[in-house]
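Colleague: I have the sequence and the coordinates open and would love a close look at a single part. Could you take me through the second chain, from its overall build down to its sheets and helix packing, and then show me how it sits in the whole?

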Amino acid sequence: MKQPPLDAVVRLASWGSTLLLLSLVATVIGFLAFKGAGSFSLELVFGDTPPLEALLLRRPVFGGLLPAIVGTVSLVVLAISLAVPLGLAAGIYMAEYGRGRIQQALGLFFDILAGVPSIVVGLFGFSVAVFLHRHFGGRIYPCLLISALSLAFLVLPYLIRTTQNALEALPEAVRLTAPALGATRLQNIRFVLLPRALPGILSGVILAIGRCAEDTAVIMLTGVVASAGLPRSLFSAYEALPFYIYYISSQYRDPAELATGYAAALILLAICAMLFAAAALIRQRLGARSHQRL
Amino acid sequence: MDRAAKIRIEHLFFHYGRRQVLDDVCAEIPSNAITAIVGPSGQGKSTLLTCLNRLCDAVADARVSGRILMRFEDRWQDILAPGVPLHWLRRQVGMVFQAPNPLPMSIFKNVAFALKLTGQHRRPDVNDRVTRALERAFLWNEVRDRLHHDARTLSGGQQQRLCIARALILEPEILLLDEPTSSLDSQASEVIESLLLALRERCTLVMVSHYQDQVRRVADCVLPLSSGKIQLLATG
């Protein structure tokens with residue numbers, strides 16, 4: 001049967017857009033690989049320090065990317081573990097408990113929060129750091145914890161909205177199954193609604209991970225520095241890959257140094273991929289568990 | 001058969017926002033019988049059914065007034081009265097939906113789910129009661145060897161009987177069924193119909209049905225609902 005012309009056009013356009021996006025992604029990654037692959041070496045990560053000694057924390061790494069890698073991973077893990085419980089709870093409130101005007105007002109508020117530019121969130125974090133510095137005897141400086149808190153604040157609206165949408169998208173039949181069997185509201189949320197909404201919620205978490213890993217504006221103002229070694233505590237300055245990339249691309253002395261920036265970008269992409277894979281794995285595990293254990 | 005009344009609906013009004021769905025419904029539903037609520041689509045049949053376990057409370061903008069009296073242990077109780085614990089009510093009044101809605105877990109866990117909600121975890125008891133519920137729902141012989149398979153692998157008719165078993169495990173005195181066979185083929189419907197006839201001994205069944213033949217075959221009593229009113233009281 002012949003397809004109506006409009007169908008063919010829509011089909012062609014969808015295919016074309018998908019191909020365009022795919023080729024763009026391939027171009028970006030290919031470009032990074034082409035520029036950065038040459039400078040990949042153990043030395044790039046560990047500098048002059050022998051890798052084993054560096055990994056066992058026996059000797060500090062100078063001139064390598066290890067501190068920035070560790071800094072980025074700890075920043076993301078910290079920010080996500082601060083943001084997820086809060087975002088989940090607020091999302092559950094919005095979907096299951098909030099009603100009427102209050103819910104609408106909060107929704108508007110979260111949307112505005114999602115639209116706040118990250119540099120503003122960074123400035124806010126910076127002001128908090130200054131405030132704490134003044135009131136706690138000058139012992140608190142911009143640091144890992146303040147960066148993580150600011151990033152958590154940045155991604156919170158995404159987490160809230162995706163949790164809310166995932167819960168609200170559940171069909172009425174699913175929603176009424178447990179109450180019809182005498183479940184309380186909390187039991188319904190815990191045993192039926194949350195497990196069913198988990199894939200949606202996890203995609204929100206994955207988005208948030210990406211946002212935390214790539215953001216430069218917030219951390220620039222709240223604690224990242226060009227050279228700090230491995231982060232020593234929550235209250236110390238730290239290095240991070242996005243900042244390293246920004247720093248190298250704006251201040252490189254020779255093409256070889258610029259190439260390390262490309263290599264750092266590749267490493268950042270790889271870290272994101274690993275964090276996404278971890279989130280996907282958790283999604284799979286939790287899905288399997290809710291299926292078996294209930 | 002004991003035909004004493006189990007449920008008495010008195011001057012029941014139901015509004016959904018500004019729309020009136022039920023208009024002064026009065027009816028008596030006999031115990032240990034199958035009562036069919038029949039009538040054209042969109043006349044409030046399902047709404048009337050969800051009033052009986054107050055699942056209608058979950059609907060935003062819903063307003064109910066009137067009385068629904070139910071006889072539990074020879075005492076009449078108005079289930080619309082404030083302060084009636086909903087989870088208690090819904091354990092006495094089970095419900096089966098139009099489309100089978102097994103939870104994404106094993107057959108065993110689906111049936112045991114209601115026990116989990118009431119905090120009963122003792123394994124031998126749970127096993128016993130799951131077996132009994134599946135037997136009462138005519139499903140035991142078909143699933144005894146694969147209790148720990150995903151419930152969604154069952155056929156539509158089996159899933160619906162699983163949902164009936166899940167509703168029966170708490171031994172409700174009243175079972176509500178919202179067009180329980182409308183998504184099934186005629187063979188699967190027949191099994192469900194004979195199951196309903198068997199359940200009547202220990203349960204009061206109230207079902208919404210679109211099928212005249214089905215009503216004629218299984219219903220002891222018919223409540224014709226049209227424009228939110230009961231048209232006449234006929235007993236079969």
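Modeller: Happily! Chain B is built from 8 helices and 11 strands. Please keep in mind that this is a predicted model. The radius of gyration of chain B is 17 Å, close to the 18 Å that the globule rule gives for 236 residues, so chain B is as compact as a globular protein of that length. Measured out along the principal axes, its C-alpha trace spans about 50 × 40 × 35 Å. Of the 236 residues in chain B, 44% are buried. The contacts also reach far along the chain: among those between residues at least 6 apart in sequence, 72% join residues at least 24 apart.

Let's start with the open sheet. This sheet of chain B has 4 strands in the order 2-1-4-5, with antiparallel pairing. Strand 2 (19-30) and strand 5 of chain B stand at the edges, and each has a single partner strand, so one side of each is left without a neighbour in the sheet. From one strand to the next, the twist averages 5°.

At one edge, strand 2 of chain B pairs with strand 1 (residues 5-16) of chain B in the antiparallel sense, over 8 bridges. If you want a pair to click on there, B:Ile7 stands opposite B:Ile29 in strand 2 of chain B. Then go to strand 5 (residues 75-78) of chain B, which is joined to strand 4 (residues 62-72) of chain B by 4 bridges, again with the strands running antiparallel. Here B:Phe72 stands opposite B:Arg75 in strand 5 of chain B. Strands 4 and 5 of chain B form a hairpin with 2 residues between the strands, and in it B:Glu73 takes a positive phi near 50°. That backbone angle is a nice one to look up in your own viewer.

Now for strand 8 (residues 204-208) of chain B, my favourite part of this chain. In strand 8 of chain B, 5 of the 5 residues are buried, so the strand is largely enclosed by the rest of the structure. B:Thr204, B:Val206 and B:Val208 point one way from the strand, whereas B:Leu205 and B:Met207 point the other way, and all are buried. Which strands pair with strand 8 of chain B in the parallel sense? One is strand 3 (residues 34-38) of chain B, which is joined to strand 8 by 4 bridges and runs parallel to it. In that pairing B:Ile37 stands opposite B:Val208. Another is strand 7 (residues 174-178) of chain B, which pairs with strand 8 in the parallel sense over 5 bridges. There B:Asp178 stands opposite B:Val208. B:Val208 is thus a handy residue to centre on, with B:Ile37 opposite in one pairing and B:Asp178 opposite in the other.

Next, the helix packing. Two packed helices are described by the angle between their axes and the distance between the axes. For helix 3 (residues 107-117) and helix 6 (residues 156-168) of chain B, the axes come within 7 Å and cross at roughly 35°. The crossing of helix 3 and helix 6 of chain B is right-handed. Helix 3 of chain B brings B:Ile107, B:Asn110, B:Val111, B:Phe113 and B:Ala114 to the contact, and helix 6 of chain B brings B:Leu162, B:Ala165 and B:Arg166. By class, that contact has 6 nonpolar, 1 polar and 1 charged residues.

Finally, the wider setting. Chain A has 12 helices and 0 strands. Its C-alpha atoms fill a box of roughly 65 × 65 × 40 Å along the principal axes, and 36% of its 294 residues count as buried. In chain A, residues 24 or more positions apart account for 74% of the contacts with a separation of 6 or more.

Where the chains meet, 14 residues of chain A are in contact with 21 residues of chain B. Helix 8 (172-180) and helix 9 (185-214) of chain A each supply at least two residues of the side of chain A that touches chain B. The largest share of that side, 6 residues, comes from helix 8 of chain A. The residues on this side of chain A divide into 9 nonpolar, 5 polar and no charged.

Conventions. Residues are numbered from 1 along each chain as its sequence is written. Chains are lettered from A and ligands numbered from 1 in the order in which they are written. This is a predicted model: local features need pLDDT of at least 70, side-chain atom pairs count only at pLDDT 80 or more; totals for chains, interfaces and linings use all residues. Two residues are in contact if their C-beta atoms, placed from the backbone, lie within 7 Å. Ala, Val, Leu, Ile, Met, Phe, Trp, Tyr, Cys and Pro count as nonpolar, Asp, Glu, Lys and Arg as charged, and the others, Gly among them, as polar. Axes are lines fitted to C-alpha atoms, for helices over the stretch in contact, and angles run from 0 to 180 degrees between N-to-C directions. A crossing is left-handed if the near helix is turned anticlockwise from the far one by less than a right angle, and right-handed if clockwise. Two strands pair if DSSP finds at least two bridges between them. The radius of gyration is taken over C-alpha atoms; the globule rule is 2.2 Å times the number of residues to the power 0.38. A residue is buried if 20 or more other C-beta atoms lie within 10 Å of its own, exposed if 12 or fewer, and partly exposed in between; C-beta atoms are placed from the backbone.
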